[in-house]
Amino acid sequence: MNIDAIIENAQLKGRIIALDAQVETLTAEVRCLEAVTRSHERVDCLLVKGLKDQLNEADRKIHGLQQDNESLQNTVDRLEG
């Protein structure tokens, strides 16, 4: 091997080491982003559950008000009849 080939080989090895480090850094970033995504999915699921609970409660109240309205209407009808 001549000196130029040795130098080029060393430079290429250095680039490989630098690229390996970048791959490790990017892999760590991907894992971090995956963890953040999973935590947001959990938050979204909790938010959706909370909203569903609120809708169910609103539906119960609406049903109760409809029954009250029907009862009052029956009373009015009886009193007018």
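Let me start with one residue, D53, which counts as partly exposed at 38% relative accessibility, and which, in this predicted model, takes part in a contact that I would like to walk through before turning to the whole chain. The side chain of D53 meets that of K49 in a salt bridge, with 3.0 Å from N to O. As for how these two come to face one another along the chain, K49 and D53 are four residues apart in helix α1, so about one helical turn separates them.

There is a second pair of this kind, since the count of salt bridges comes to two. Here E57 is joined to R60, and the closest N and O atoms are 2.7 Å apart. Again about one helical turn lies between the partners, E57 and R60 being three residues apart in helix α1. On accessibility, E57 is partly exposed at 34%, whereas R60, with a relative accessible area of 52%, is exposed.

Now to the overall picture. How many helices and strands does the protein have? There is one helix, and there are zero strands. The radius of gyration is 35 Å, well over the 12 Å that the globule rule gives for 81 residues, and the protein is therefore more spread out than a compact globule. If you look at the C-alpha trace along its principal axes, you will find that it spans about 115 × 15 × 10 Å. To put two positions on that, take Q22, which is found in helix α1, running over residues 3-80; the C-alpha atom of Q22 is separated by 59 Å from that of I62, 40 residues further along the chain. Q22 itself is partly exposed, at 47% relative accessibility.

What share of the 81 residues counts as buried? The figure is 0%. The protein exposes about 7600 Å², and 60% of that area is supplied by carbon and sulfur atoms. Turning to charge, there are 10 positive and 15 negative side chains, and the centres of these two sets lie 5 Å apart.

Finally, for those of you who will ask about the cysteines, the structure holds zero disulfides. C32 is in no disulfide, and the nearest cysteine sulfur to it, that of C45, is 20 Å away; a disulfide would need the two sulfur atoms to be within 2.5 Å. C45 is likewise in no disulfide. Are these two cysteines, C32 and C45, partly exposed or exposed? C32 is partly exposed, with a relative accessible area of 48%, while C45, at 54%, counts as exposed.

Notes. Residues numbered from 1 in each chain as written. Predicted model: local features only at pLDDT ≥ 70, side-chain atom pairs only at ≥ 80, totals over all residues. Heavy atoms only, no water. Buried < 20%, exposed > 50% of the residue type's maximum accessible area, 1.4 Å probe, protein only. Rg over C-alpha atoms; globule rule 2.2 N^0.38 Å. Areas by Shrake-Rupley, 256 points an atom, 1.4 Å probe, with all protein chains shown as cover. Lys, Arg positive; Asp, Glu negative; His and termini not counted. Charge placed at Lys NZ, Arg CZ, Asp CG, Glu CD. Salt bridge = Lys/Arg side-chain N within 4 Å of Asp/Glu carboxyl O.
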